[in-house]
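Welcome! Open your viewer and get ready to click along, one stop at a time.

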Amino acid sequence: MSVQQIYNAVLEMDDEQVIKVVKAEIDNGTDVSAILNEGLISAMDEIGKRFSEGTVYVPEMMMAAQAMKAGVEELKPMMKDMETKSRGTIVIGTVKGDLHDIGKNLVAMMLESSGFNVIDLGVDVENDKFLEAAKDNNADIICMSALLTTTMPAMEEVIDAIKAAGLNFMTMIGGAPVTQEFADEIGATGFSEDAPGAVEKARKLIA
Ligand code: B12
């Protein structure tokens with residue numbers, strides 16, 4: 001067993017194999033951060049690259065993210081000591097009135113697997129809840145997803161509420177109808193049209 005096999009198992013989208021090889025590596029005494037970074041995260045980075053190139057599509061990306069998540073679950077008990085190494089804290093949710101969560105979950109999973117501390121508020125999230133959660137968790141970025149043109153305005157309301165309260169949380173928005181233009185218009189700090197791009201953007205914003 002080796003970290004390379006973990007990497008391969010994620011690329012093969014094989015949850016059971018991921019769990020098996022992660023457990024074997026833990027038993028072998030392999031460093032948890034090597035399993036995470038060289039095995040699980042680098043495989044997801046590769047999937048992200050393939051997605052951007054158009055050689056992998058959403059279903060495969062979700063299955064790979066699921067396989068990776070299964071591996072992360074095995075590591076979680078050992079990851080407590082690593083929390084200080086988190087790349088930053090992100091509060092994420094689908095805005096009020098909107099129940100679409102497939103893309104949001106994908107973004108959350110990829111952020112989590114890339115080392116961010118992610119607080120997922122779910123769907124139909126009231127504006128105040130984003131602010132409260134960000135304050136309670138001392139978040140760096142509030143991420144909002146919207147799939148309906150009728151729910152997009154909630155993103156602007158949250159951004160306005162952040163400003164009105166004199167807070168300086170960064171914001172990142174996305175979802176099928178959302179564009180860079182819209183993000184600029186409402187004053188969002190960041191935008192990405194897909195999950196790998198969201199990870200890249202979050203890394204840049206927090207760096
Ligand atoms: C699946 C789906 C549903 C499912 C949702 C299941 C679920 N658990 O999410 C169900 C059946 C419940 C549903 C319901 C409705 N839906 Co619907 N739905 C879709 C559909 C087919 C796919 C959406 C999806 O999951 N895509 C796959 C994911 C991976 O893509 P994504 O969400 O865009 O996410 C990616 C990026 O956008 C980005 N991203 C997403 N979020 C974020 C956040 C951040 C911060 C960042 C940086 C990036 C980012 O990264 C993701 C991964 O790469 C779309 C059509 C479409 N092609 O978009 C319609 C669609 C969004 N739905 C639509 C409609 C109208 C509805 C309903 C109103 C239908 C009805 N009359 O009841 C209801 C609304 C319910 C509600 N209140 O929300 C319309 C919206 C039209 C519009 N312009 O507003 C669409 C476009 C269909 C259409 N062509 O008419 N829907």
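Which element gives the largest share of the shell around the ligand? Keep that in mind as you go, and remember that this is a predicted model.

**Stop 1: the shell.** Select the ligand and show what surrounds it: you should find 26 residues. The closest are Leu99, His100, Asp101, Ser145 and Thr149. Now colour the shell by class, and you will see 14 nonpolar, eight polar and four charged residues.

**Stop 2: the metal.** Zoom in on the cobalt atom of the ligand. Its single donor from the protein is His100, whose NE2 atom is 2.2 Å away. Trace the chain around His100 and you will see that this residue is in the loop between β1 (89-94) and α5.

**Stop 3: backbone contacts.** Show the backbone atoms next. At Gly97, a polar backbone atom is 3.0 Å from a nitrogen atom of the ligand. Move on to Thr149, where a polar backbone atom is 2.9 Å from a ligand oxygen atom. Then pick Ala176: one of its backbone N or O atoms lies 3.3 Å from an oxygen atom of the ligand.

**Stop 4: the elements.** Switch to the cartoon view. Two or more shell residues come from each of α5 (102-113), β3 (141-145), β4 (170-174) and α9 (195-206). Here is the answer to the opening question: α5 gives the largest share, with four residues.

**Stop 5: the wider region.** Finally, select residues 87-207, which an unreviewed UniProt entry labels "domain: B12-binding". This span is 44% helix and 18% strand, and its end C-alpha atoms lie 8 Å apart.

Note on methods:
Residues are numbered from 1 along each chain as its sequence is written. This is a predicted model: local features need pLDDT of at least 70, side-chain atom pairs count only at pLDDT 80 or more; totals for chains, interfaces and linings use all residues. Side-chain values use heavy atoms; hydrogens and water are left out. A residue is near a molecule or strand if one of its heavy atoms lies within 4 Å of it. A polar contact is a pair of N or O atoms within 3.5 Å; within protein, one must be able to donate a hydrogen and the other to accept it, and residues adjacent in sequence count only if both atoms are side-chain atoms. Ala, Val, Leu, Ile, Met, Phe, Trp, Tyr, Cys and Pro count as nonpolar, Asp, Glu, Lys and Arg as charged, and the others, Gly among them, as polar. UniProt positions are given in the numbering used here, feature names are shortened, and annotations may be inferred rather than shown by experiment. Donors are N, O and S atoms within 2.8 Å of the metal (3.2 Å for Na, K and Ca); water is not among the atoms, so sites may look incomplete.
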